[in-house]
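Hello,

Here is the structure we talked about handing over. Please open it first, then read the notes on strand pairing below.

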Amino acid sequence: MMPIPVATIQPRREAAATSGTARRHGWAKRPARPSMADAHRAPCVSLVDHGRAGGQGLAADGLDGALLSLDMLVTPSHFVPLHAPQPGAHEHIFVFRGGALLVRESDLALPDESACLALDVPLAQSRAVGMLGQHYCRAAWVEAGAADPAGGFAFRPLRSLFGALDAHLMAVAGRAFQVAEWARTHRYCGACGGPMEALAGERCMRCTRCGHAAYPRISPAMMVLVKKGDAILLARNAASPTGRFSALAGFLEAGESVEDAVHREVHEEVGLRVHDLRYFGSQSWPFPHSLMIAFTAQWAGGEISADPREIAEARWFGPGDTLPEFPAGISIAGELIRANLPRAAA
Ligand SMILES: [Zn+2]
């Protein structure tokens, strides 16, 4: 699905400065704790008690770097997803080795077909991504052990290209990476081991032996900034190498709604109850295949009791408090926090 430009969906008074998000996985399983869950009713939702088991957590955290453009990682409106090759069109070829993109070192240009062939990139297994204006975008990959390229090309970590690569190309590169990773890791059936083939007309790999179908994996995660009066709750994740404070975040468990995940993670990580969830925005994050869905919520009860396995420190920051370092511009976490700063600090 097309990412929705955050700027177009935010509440009017929550104008954002930047976009993007990064996170680190906590993965620790936690014991079950009672939680609360919302009915699906936006933007204001009533509370319904129900118990939940613990699950995968993650910390919202930003990347180092200067403020970047609002549309970072949001594919532009003139991008059209495609499932079929478009021979003869001008091309953008995104070639990956792991999480690194092949670019010309001198100017970060993408390789054309002849450069790919000279570098032994197996273009036969490339996949259509879409049209960016008049350019057909396709994704290809080389194996993880492939040698460093010659001819002035290099594999650069995709994350390192934030702010360096054209913002539209960067957004499409994020899509291309997810398509390439999905295709690379679904060449054989997970059920019977048979060879998979790409179906025409949809983004689907199907087993030629048993018919098992596989679609690109998208891992939803929620982020929530809890508010109490004029104060906001920021937490520092125990696993964060930056030590920055951020909003709470966590991956959804199978079977739960995004609202369920908000209530569960808030209660698991800091022992609070919240209500009045309000949607803030969402963003695809291709490292490797997350979709972050961000909310604000109002404190509804409880005292902060941080789970030390996940949270090193969590506290309220109100008007007049010195704000800690929080995620930089390309993070939706930073965008969420900046749009909800304690009034006196805004
Ligand atoms: Zn199979």
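Start at strand β14, which is joined to β17 (residues 248-251) by four bridges, with the two strands running antiparallel. One contact to look up there is M222, whose bridge partner in β17 is G250. Keep in mind that this is a predicted model.

β14 itself covers residues 219-228. Its pairing with β19 (residues 290-301) is parallel and spans nine bridges. To find that pairing on screen, go to V224; its bridge partner in β19 is F295.

β14 also pairs with β15 (residues 231-237). Here the strands are antiparallel, and two bridges join them. K228 has A231 as its bridge partner in β15. The two strands make a hairpin, with two residues between them. Check G229 in that turn: its phi is positive, about 60 degrees.

Now the sheet built from β11, β12 and β13. In what order do its three strands lie, and is the sheet open or closed? The order is β11-β12-β13, the sheet is open, and the pairing is antiparallel. β11 (196-198) and β13 (213-214) are the edge strands. Each has a single partner strand, so one side of each has no neighbour in the sheet.

Within this sheet, β11 and β12 (residues 205-207) are linked by three bridges in the antiparallel sense. For a residue to click on, take M196: its bridge partner in β12 is C207.

One reminder for viewing strands: in a regular strand, side chains alternate between the two faces of the sheet.

Best wishes

Conventions:
Residues are numbered from 1 along each chain as its sequence is written. This is a predicted model: local features need pLDDT of at least 70, side-chain atom pairs count only at pLDDT 80 or more; totals for chains, interfaces and linings use all residues. Two strands pair if DSSP finds at least two bridges between them.
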